[in-house]
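Q: Please take a close look at a single part of this model and describe its surroundings in one connected account.

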Amino acid sequence: MTCKIFLNPDTNRTIDSNPESIITLGSYFPQRGKHYSDLDNFSNLVLHIKKDEDRLNKVSGEEYHYNKAIKQFIDLLRSMLSYKDEYVICVMPSHKKGTKPTGIRRIAKELCSPPVINGTNVLSRKFELQKKSTGGARDLQKEIESLTVEDKGVIKDKQVLLIDDVTTSGTSLVAGRMVLKNAGAELVALFALGKTED
């Protein structure tokens with residue numbers, strides 16, 4: 001099956017020739033004790049959407065920056081994705097059990113309009129993993145074991161765009177791809193907003 005998810009034919013060809021390649025928008029430089037004003041604009045935007053909606057400090061203006069970053073990423077992704085062909089958008093779950101509401105999940109839901117199918121809650125965690133940013137292992141087998149597909153019918157024989165906010169080693173996205181393929185997805189394209197750089 002030929003990838004028909006992106007508007008750019010070269011991006012689709014990249015997915016076809018190397019299914020484990022991860023398409024990203026740019027380099028993400030983690031905060032690691034820095035103030036927001038010391039971060040580049042792209043890293044700042046990514047950091048804003050990594051916040052949990054339930055923990056946003058509405059008094060300090062975090063909600064405003066969160067919503068602004070969400071809108072910018074939605075607009076950017078809409079300009080990159082095809083809306084002529086049917087495919088499913090799935091989200092890589094956070095380290096917590098289940099499918100917790102996250103900025104990347106909100107972005108993904110906004111991108112789903114026919115013929116693009118909403119699969120944002122299809123992939124979930126069976127159990128919590130330690131966050132990799134706080135020392136959690138980048139263990140492919142453990143990642144695979146922690147994931148489950150909630151509704152195989154949504155992805156069966158379909159092209160899937162699996163998205164995440166940030167990728168570092170690619171372990172999580174590759175594990176997600178394997179789990180979705182084993183559940184019947186025809187093709188799984190991997191995408192992250194940012195690629196972590198030191």
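Strand β6 and its surroundings

A: In this predicted model, L162 is found in strand β6, which covers residues 159-167. The relative accessible area of L162 is 0%, so this residue is buried. Leaving aside neighbours within four places in sequence, L162 is in contact with C90, V91, M92, L123, L173, G176, R177, L180, V188, A189, L190 and F191. One of these contacts, L190, is 28 residues from L162 in sequence. In space the C-alpha atoms of L162 and L190 are 5.2 Å apart.

Another contact of L162 is C90, a cysteine that counts as buried because its relative accessibility is 0%. C112 also counts as buried, with a relative accessibility of 17%. The sulfur of C90 has its closest cysteine sulfur in C112, at 8.7 Å, which is too far for a bond. Seen from the other side, the closest cysteine sulfur to that of C112 is in C90, again at 8.7 Å and too far for a bond. A disulfide would need the two sulfur atoms within 2.5 Å. By this rule the model has 0 disulfides.

Strand β6 also takes part in the packing around helix α2. The buried residues of α2 pack against β1 (22-28), α3, α4, β6 and β7 (187-196). Helix α2 spans residues 41-49, and 8 of its 9 residues are buried, so the helix is largely enclosed by the rest of the structure. The buried residues are F42, S43, N44, L45, V46, L47, H48 and I49.

Two of the elements packed against by α2, namely α3 and α4, also pack against each other. Helix α3 covers residues 62-78 and helix α4 residues 103-111. Their axes are 10 Å apart and meet at an angle of about 45°. The two helices are therefore oblique to each other, and their crossing is right-handed. On the α3 side the contact is made by Y66, N67, I70, F73, I74, L77 and R78. On the α4 side the residues are G103, R106, I107, E110 and L111. By class, this contact has 7 nonpolar, 2 polar and 3 charged residues.

The start of the chain can be placed against these parts. M1 lies in the segment before α1 (9-17) and counts as exposed, with a relative accessibility of 54%. Apart from neighbours within four places in sequence, M1 is in contact with D16, D157, Q159, E186 and L187. Among these, Q159 falls within the range of β6, residues 159-167, and L187 within that of β7, residues 187-196. M1 and E186 are 185 residues apart along the chain, yet their C-alpha atoms are separated by 7.3 Å.

Helix α1 itself holds T11. T11 is buried, with a relative accessible area of 17%. Not counting residues up to four places away in sequence, T11 touches F6 and I23. I23 falls within β1 (22-28), one of the elements against which the buried residues of α2 pack.

Definitions and conventions: Residues are numbered from 1 along each chain as its sequence is written. This is a predicted model: local features need pLDDT of at least 70, side-chain atom pairs count only at pLDDT 80 or more; totals for chains, interfaces and linings use all residues. Side-chain values use heavy atoms; hydrogens and water are left out. Buried means under 20% relative accessible area, exposed over 50%, partly exposed in between (1.4 Å probe, protein chains only). Axes are lines fitted to C-alpha atoms, for helices over the stretch in contact, and angles run from 0 to 180 degrees between N-to-C directions. Helices (H or I, at least four residues) and strands (E, at least two) are DSSP runs, numbered from the N terminus. Angles under 35 degrees count as roughly parallel, over 145 as roughly antiparallel, 65 to 115 as roughly perpendicular and the rest as oblique. A crossing is left-handed if the near helix is turned anticlockwise from the far one by less than a right angle, and right-handed if clockwise. Contact means heavy atoms within 4.5 Å. Ala, Val, Leu, Ile, Met, Phe, Trp, Tyr, Cys and Pro count as nonpolar, Asp, Glu, Lys and Arg as charged, and the others, Gly among them, as polar.
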